[in-house]
Amino acid sequence: MDTICLDFINSEFRDFRGRWVRDDLQQPGWLEQFLVKWGLQVDGPPDAATQTTLVALRTLLRSMIEALVEGQIADHDQAALNAVLLKMPLNRRLMKDTEGYRLEMVPLKKDWDWVQAEVAASFAHLLADQDPRRLKMCANTNCRWVFYDESKSRTRLYCTPDKCANLLKARRFRARHKNNF
Ligand SMILES: [Zn+2]
């Protein structure tokens, strides 16, 4: 599943062997592409303070997913998410095109507060309208890639079968056969 919040959370990219971490949020090019992809264009790049709040939002979302895996989200994290949603009030507007009428949500302003509110809304939408139990982190602790498990049995453990699953399989194999080598 491709959603704003998963894209945003995975901007913290860890090498699957734990050799390095790349923070795409710090790369202006990545951020620009992200905004275009999701129709969230704003006037300029984030200033230092905004950059800090973006990283904090990502940390919040990650910790919420970790909490979800273990049970449920803490009240203070839920309150923190609601605070981000409140950053941008929306107006409703009736629109008409060739398909007919539709009700649109229009932000009061298109700035970085709006971008953060949209990321938070995308996450809230996943919890409210999808299955929160399918929101997972790759079982490879070096990786921690976040994904929505769309498998029928809801048993997917890894971000990709080729990298993380194979790596851990090989590690388990070596551990099991340590005495034989
Ligand atoms: Zn992984």
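Asp113 touches Lys87 and Met88, leaving aside residues up to four places away in sequence. Asp113 sits in helix α5, and this is a predicted model, so its pLDDT limits apply to what follows. With 19 C-beta neighbours inside 10 Å, Asp113 counts as partly exposed, because a residue is buried only if 20 or more other C-beta atoms lie within 10 Å of its own. Asp113 and Ile65 are 48 residues apart along the chain, and their C-alpha atoms are separated by 22 Å.

## The chain as a whole

Let us step back from Asp113 for a moment. The secondary structure of the chain comes to six helices and six strands. Read along the sequence, these elements follow the pattern α-β-β-α-α-α-β-β-α-β-β-α. Taken along the principal axes, the C-alpha atoms fill a box of roughly 70 × 40 × 35 Å. The chain has 181 residues, and buried residues make up 18% of them. Among contacts between residues at least 6 apart in sequence, 57% join residues at least 24 apart.

## Helix α3

Helix α3 covers residues 48-70. How does its span agree with its number of residues? At 1.5 Å a residue, its 23 residues should span 33 Å, and the end C-alpha atoms are 34 Å apart, which agrees.

The buried residues of α3 are Leu54, Leu57, Leu61, Met64 and Ile65. An α-helix has 3.6 residues a turn, so residues three or four places apart point the same way. What covers the buried residues of α3 includes three helices and strands named here: α1 (4-9), α4, α5, β5 (135-137) and β6 (146-148). Just after α3, Gly71 takes a positive phi of about 160°.## How α3, α4 and α5 pack

Two packed helices are described by the angle between their axes and the distance between the axes. Here are the values for the three pairs.

| Helix pair | Axes come within | Crossing angle |
|---|---|---|
| α3 and α4 | 10 Å | roughly 140° |
| α3 and α5 | 11 Å | roughly 5° |
| α4 and α5 | 8 Å | roughly 130° |

Take α3 and α4 to begin with. Their axes cross at roughly 140°, which makes α3 oblique to α4. The crossing of α3 past α4 is left-handed. On the α3 side, Leu57, Leu60, Ser63, Met64 and Ala67 take part, and they meet Asp77, Ala80, Leu81 and Val84 in α4. Sorted by class, this contact has seven nonpolar, one polar and one charged residues. Leu57 and Met64, both in this contact, are also among the buried residues of α3.

Next come α3 and α5. Are these two helices roughly parallel or oblique? Their axes cross at roughly 5°, which makes α3 roughly parallel to α5. Thr50, Thr53, Leu54, Leu57 and Leu61 of α3 meet Trp112, Gln116, Val119 and Phe123 of α5. By class, the contact of α3 with α5 has six nonpolar, three polar and no charged residues. Leu57 meets α5 here, and Leu57 also appears in the contact with α4.

That leaves α4 (residues 75-85) and α5 (residues 112-129), whose axes come within 8 Å and cross at roughly 130°. That angle makes α4 oblique to α5. The crossing of α4 and α5 is left-handed. From α4, the contact is made by Leu81, Val84 and Leu85, and from α5 by Gln116, Ala117, Ala120, Ala121, Phe123 and Ala124. By class, this contact has eight nonpolar, one polar and no charged residues. Leu81 and Val84 of α4 take part here and in the contact with α3. On the α5 side, Gln116 and Phe123 meet α4, and Gln116 and Phe123 also meet α3.

## Two arginines with positive phi

Most residues other than glycine have a negative phi, and most peptide bonds are trans. Two arginines are worth a look with that in mind.

Arg144 is found in the loop between β5 and β6. Arg144 is not a glycine, yet its phi is positive, at about 60°. Is Arg144 buried or exposed? It is buried, with 21 other C-beta atoms within 10 Å.

Arg154 lies in the loop between β6 and α6 (161-176). Its phi is near 55°, again a positive value in a residue other than glycine. Arg154 is exposed, with 11 other C-beta atoms within 10 Å, whereas Arg144 is buried.

How values were computed
Residues are numbered from 1 along each chain as its sequence is written. This is a predicted model: local features need pLDDT of at least 70, side-chain atom pairs count only at pLDDT 80 or more; totals for chains, interfaces and linings use all residues. Axes are lines fitted to C-alpha atoms, for helices over the stretch in contact, and angles run from 0 to 180 degrees between N-to-C directions. Helices (H or I, at least four residues) and strands (E, at least two) are DSSP runs, numbered from the N terminus. Angles under 35 degrees count as roughly parallel, over 145 as roughly antiparallel, 65 to 115 as roughly perpendicular and the rest as oblique. A crossing is left-handed if the near helix is turned anticlockwise from the far one by less than a right angle, and right-handed if clockwise. Two residues are in contact if their C-beta atoms, placed from the backbone, lie within 7 Å. Ala, Val, Leu, Ile, Met, Phe, Trp, Tyr, Cys and Pro count as nonpolar, Asp, Glu, Lys and Arg as charged, and the others, Gly among them, as polar. The expected span of a helix is 1.5 Å times one less than its number of residues. A residue is buried if 20 or more other C-beta atoms lie within 10 Å of its own, exposed if 12 or fewer, and partly exposed in between; C-beta atoms are placed from the backbone.
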